[in-house]
Amino acid sequence: MDRTNEIALTFLLNAVWQIIVVTLAASICARLLRDAPARYRHALWVVALMLSIALPLWSLYSLSGDSTETFSPSSTLTTPQENSAPAAARNSTGQFSGPVVVRESLFPLKTILQPRRQTLPNLPSITLILVIAYAIFLLYRLNTLWRAWRQTQVIRRSVHTRAIPDEMQRVAERCGVLFNLKNVQIKCSSKVNAPVTIGWHKPIIILPESFYATLPAETLASVIGHEMAHIARRDFALNLVYEFLRLPISFHPLANLATRQINRTRELACDELVAGRVLAADAYARSLVLVASSLTTPAKHAYSLGVFDADILEERIMRLIEKRGRLSVRATRFLLAASFSLLLTTTLAASVFSLGLRAAEHESGLTPEQTSKEQVDAPEKIRALISADAVERASAACALGRRRAVEAIPSLIQMLGDDTAIEPVKCWAENRTWSQALDTFKQASPGEEAAIALAAMGQPAIEPLVAVLGHANASVRRNAAWAIGEVSGGRIAKREAAVEPLRSALSDSDEWVRMAAARALGEIQDERGVESLLTALSDGSGSVRELAAWALGEMKESRAVQSLGAMLLEDEHAEARQMAAWALGEIQDPKA
């Protein structure tokens, strides 16, 4: 599946559920503001519409670059290079020290809001059908808007100037003064059945020919006043913006509901302006009923604003004539702040659960052309594993790992003990389906690159890796344990056979082997490893204690609370105390 399909499906999937969340939150807020002026509820629904399109667009952030970061609970404690655990780092003397935790800030918002990655199955036919259907729908909606705009232009071309009766002129001048509007043109057209407003730069009010007969001043004031309220609020231009905002999500019923609420509250807000400035509420309500009873308004096919838009005349009349108590200014401001805070908080929470979809068409993350080329080069890369050049050995391991060349597993296993220091190889920087959490564990070397390559191969590499956990070479044991923890497939991979050897490795004479074993057990999250990890909290190495605490925190192991609490208060290793605090937060046991 290509990039376009990924983007479209990510947007659609997130839009389906996120718009529901936003609309529900907006409905609750609108309920809180039911006795507040309609313009506030209008603003609320406008913000809800904007958030409904902004949230799914935010989910595309994970597809905007070549970054391969993924989200895990512990990633809030690490730098972007680290994914779910503390990484090893060089100290000031150039030697490699134990695991450290680097915080960019106390609340790293970018990491918290990072969309979750999900890998899509290889279903090109269904994917293509969905994307084509969405594209056809967008074209249909664009065509609908274009036809409405063309109809609007037909109405504009049909207008003509007609002598305005004196009474209408006086009413128009009075309304213009009340709304601080100058030179608003009033035209006539046989193409409209009810008063409408068209245009944003030089708006014109278009009246049916029947309105040029003798009408009461009160009725004229209600009609012209309502249209001038639309002009004063710049509703024509704003509603055009809202239509285009809604376009990508107009397939969603609740997005259309938000648009109806915008139209509804817009009319109520105009009514409040007219009733507050032009006419008394009772007189305005009578005029609306009189005008409505004399008109037959057909279905609206043009883009314009009319006095009877939104089809809520009955509600408008009831709101004008009923004597409901109005909120005080202070209460209105408080409820407005509370409502917008609730809406924005809900939106922020929903953004945390955005999904970023990735295709699984090419498991290696390469294009078909790249895969074909690397298949041809595989034997050559295997021979390069014994090159005299350490960088060439590491690069060969990288290439074999990217292709998941399982035939190279025996050669890569033999390479695990190669600890020749090299510059880190950014092997997986452009991969889109899998990458290890850490680029290096102890030091960048061909052996570590072999471990990463074996981890990339997933299930076929687990048994050979387990077999060398008892190897005489500590570097082999360390890299094998690390690779088992990093193996592609995560908790889905079947790594049960590795648990007992890893438990034994927690007693290894080499500190780095114990560290790698603790990390791997934390990744596997098998209950059989808990007791050994609890014992490791008393290890003589602060770095081992730190990784054991991390592993127990990842496992949400409540049995570790007492030991972690003692470690937090008494451990001489600052990073171990820090990790104990984090682990207790992950476990969330009241005893802590």
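Which backbone oxygen lies 2.8 Å from a polar atom of the side chain of Thr-347? Keep that one in mind while we get our bearings. What you're looking at is a predicted model, and the protein chain in it has 592 residues, of which 52% count as buried. The chain is built with 23 helices and eight strands. If you take the contacts between residues at least 6 apart in sequence, 76% of them join residues at least 24 apart.

Now back to the opening puzzle. Thr-347 sits in helix 11, which covers residues 329-352, and the oxygen we were after belongs to the backbone of Leu-343. Is Thr-347 buried or exposed? With a relative accessible area of 10%, Thr-347 is buried, because anything under 20% gets that label. Look around this threonine and, once you skip residues up to four places away in sequence, you'll find it touching Val-22, Leu-51 and Leu-55. Take Leu-51: along the chain this leucine is 296 residues apart from Thr-347, yet 7.3 Å is what separates their C-alpha atoms.

Let's move on to the nonpolar interior. The largest nonpolar core has 81 residues, and the ones that touch the most other members are Leu-412, Leu-416, Leu-465, Leu-502, Leu-533 and Leu-564. Helix 19, residues 511-524, gives the most to this core: nine residues. Apart from this core lies another one, made of 30 residues, including Cys-188, Ile-231, Val-278 and Leu-279. To see what one of those leucines has around it, zoom in on Leu-412. Leaving out neighbours within four places in sequence, Leu-412 is in contact with Leu-385, Ala-397, Ala-450, Ala-453, Leu-454 and Met-457.

A charged residue can be tucked away here too. Glu-243, in helix 7 (residues 235-246), has a relative accessibility of 16%, so it counts as buried under the 20% cut-off. What does the side chain of Glu-243 make a polar contact with? Its partner is the side chain of Arg-246, at 3.1 Å.

Next, the empty spaces. Rolling a probe the size of a water molecule over the atoms shows where empty space is left. In this structure there are four cavities of 30 Å³ or more, and the largest has a volume of about 60 Å³. What kind of residues line the largest cavity? It's a mix: five are nonpolar, two polar and four charged. Among the lining residues are Ile-422, Glu-423, Pro-424 and Val-425, along with Asp-439 and Thr-440. Ala-444, Ser-445, Glu-448, Glu-449 and Ile-452 also line this cavity.

Finally, have a look at the backbone in two loops. Gln-525 is found in the loop between helix 19 and helix 20 (530-536). Its phi is near 60 degrees, which is a positive value in a residue other than glycine. Lys-556 lies in the loop between helix 21 (542-554) and helix 22 (561-570), and its phi, near 55 degrees, is positive in a residue other than glycine as well. How accessible are these two? Gln-525 has a relative accessible area of 22%, which makes it partly exposed. Lys-556 is partly exposed too, with a relative accessible area of 39%.

Conventions: Residues are numbered from 1 along each chain as its sequence is written. This is a predicted model: local features need pLDDT of at least 70, side-chain atom pairs count only at pLDDT 80 or more; totals for chains, interfaces and linings use all residues. Side-chain values use heavy atoms; hydrogens and water are left out. On a 1 Å grid over the protein atoms alone, a cavity is a set of points where a 1.4 Å probe fits but cannot get out, and a pocket is an open set with protein on both sides within 12 Å along at least five of seven lines; lining residues have an atom within 4 Å of a point. Grid points are joined across faces, edges and corners, and a volume is the space filled by probe spheres set on the points. Ala, Val, Leu, Ile, Met, Phe, Trp, Tyr, Cys and Pro count as nonpolar, Asp, Glu, Lys and Arg as charged, and the others, Gly among them, as polar. Helices (H or I, at least four residues) and strands (E, at least two) are DSSP runs, numbered from the N terminus. Buried means under 20% relative accessible area, exposed over 50%, partly exposed in between (1.4 Å probe, protein chains only). Contact means heavy atoms within 4.5 Å. A polar contact is a pair of N or O atoms within 3.5 Å; within protein, one must be able to donate a hydrogen and the other to accept it, and residues adjacent in sequence count only if both atoms are side-chain atoms. A nonpolar core is a set of buried Ala, Val, Leu, Ile, Met, Phe, Trp, Tyr and Cys residues joined through side-chain atoms within 4.5 Å.
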